[in-house]
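Trainee: Please take me closely through one part of this model, the salt bridges. Keep it connected, one pair after another.

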Amino acid sequence: MFHISSTRPRARPTPASEVVSRAEILGLLADRGPLSRGEIAKQLGLGAATVTAQVRNLMAEGMVRDLPAGQSAGAGRPKVPVQLVPDAAVVIGLGITPRSVAVVTMLLDGKILTSDVVPFSPDNDPVDQLAGVVMGQMRAMAHPGRTVAVGISVSGAVDQNSSTVIISATLNWENFDLGQQLRRAVDLPVFVSNDLFALATREISFGLGRRHDDFLLLGLGPGVGMGIVNRRSVFYGPGGASTEFGHMSVDPEGPRCVCGNRGCLQVYAGLRELLAAAPDLAPEATLEDLAAQARDPGSPAGSYLDRTGRLLGRSLGGTVNLLGISTIIVTGETTALWGYLRNGFEQGLQETVLRFHHPLTITVREWTEAEGAIGAAGMALHNAVVLNRSDPAA
């Protein structure tokens, strides 16, 4: 394994009220366009003093600006609209897989400027490769000095506080202080995160989180994971690691998992495990090949996917009962098989979710190759602009 020892300093917390109001103001202006301070306060249910203070701070940082005053509908001073300045900040997002890196550049309003995929080898000086990708993106920018951070998403356990990859089985990395090393190479803040954590963070500012303060994000791909968002914050443990939903044991007599336990969701629903379980598929088989088998009525592949969907539904149902969160996003490469997983998944939910949590709201996100990088960029933007952090270890 690629192994580098590291320290893991504890992050200093940011006041929750400040984080929420700052995020909500930026999100509202990105979504609705210019609004007066009074309109912002009314639409977000915030106090006038809070909005005034946050707008003042954002204006000092160049993130928002006042437009010329408009005419007041009645007596009093004309309203002064506040406008987001989208290109005031740019972030670079990298989504790392064992064979490639998806890379995007994102503006303050969440708009994607550029998107690309480049070859990558996790065993061959990964920091040098990633630094080359970042510097190449910056050289292509009109204003590279506006780049405020780099975000990286990987599959595995990550200490978010120090941006250290604790372990990634897919990349063969262990205790790799990727964030600190890449920061020194590119002279920018670098935030490294579990891929599901990154996608959930992006949803807070640029997706479902604009309408829901609490939701679950189920990720189905090489790994099986979950992002838990509660009161607009993504949950993670004291060591910085995110949830390990894929290592929930659903069958004590099941196959041995890479984690050492038996019958984990991962051994049934992981991308590699799904392909390996289907009969008559070549080693280089794809999701499309598996779908072709599952289309035949009564096929073993179709039955396996239906059973796997039910296991996922039952496990997720238990999580819904535990947390009381009934808004769910499903994402990841395996959503290409959703048509064959859905019936079993819905059955599993019906068998487990308490009635007072119904109706559930389930959104299935179409997966693209750039999603990991987009999540990483959104996570970096949230950290660098919303949380106003200049160093992941600060």
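**Salt bridges and the parts they link**

Mentor: Start with Glu61. Its relative accessible area is 32%, so Glu61 is partly exposed: the value falls between the 20% and 50% cut-offs. Bear in mind that this is a predicted model.

Which residue does Glu61 meet in a salt bridge? The partner is Arg22, with 2.6 Å from N to O between the two side chains. Arg22 sits in helix H1, residues 16-32, while Glu61 belongs to the loop between helix H3 (48-60) and strand E3 (64-66), so this salt bridge ties together parts 39 residues apart in sequence. Is Arg22 buried or exposed? Arg22 has a relative accessibility of 3% and the cut-off for buried is under 20%, so Arg22 counts as buried. So this pair joins a buried arginine to a partly exposed glutamate.

In total, the model has 8 salt bridges. Two others share a residue, Glu351.

Take Glu351 with Arg310. Their closest N and O atoms are 2.8 Å apart. This pair also links distant parts of the chain: Glu351 is in helix H11, residues 338-352, and Arg310 is in helix H10, residues 300-323, with their positions 41 residues apart in sequence. Neither end is buried. Glu351 is partly exposed at 34%, and Arg310 is partly exposed at 35%.

Now swap the arginine. Arg314 meets Glu351 in a salt bridge as well, at 3.0 Å from N to O. Again the link runs from helix H10, holding Arg314, to helix H11, holding Glu351, and the two residues are 37 apart. Arg314 has a relative accessibility of 39%, so Arg314 too is partly exposed. Put the pairs together: Arg310, Arg314 and Glu351 form one network through salt bridges with shared partners.

Stay on helix H10 for one more residue. Val320 lies there too. How accessible is Val320? Its relative accessibility is 0%, so Val320 counts as buried. What does Val320 touch, beyond its neighbours within four places in sequence? The contacts are Leu216, Ile325, Ser326, Ile328, Val353, His357 and Leu360. Thr352 makes a useful marker here. Val320 and Thr352 are 32 residues apart in sequence, yet their C-alpha atoms are 9.1 Å apart in space.

So helix H10 shows two settings: Arg310 is partly exposed and pairs with Glu351, whereas Val320 is buried.

Note on methods:
Residues numbered from 1 in each chain as written. Predicted model: local features only at pLDDT ≥ 70, side-chain atom pairs only at ≥ 80, totals over all residues. Heavy atoms only, no water. Salt bridge = Lys/Arg side-chain N within 4 Å of Asp/Glu carboxyl O. Helix = DSSP H or I, 4+ residues; strand = E, 2+ residues; numbered from the N terminus. Buried < 20%, exposed > 50% of the residue type's maximum accessible area, 1.4 Å probe, protein only. Contact = heavy atoms within 4.5 Å.
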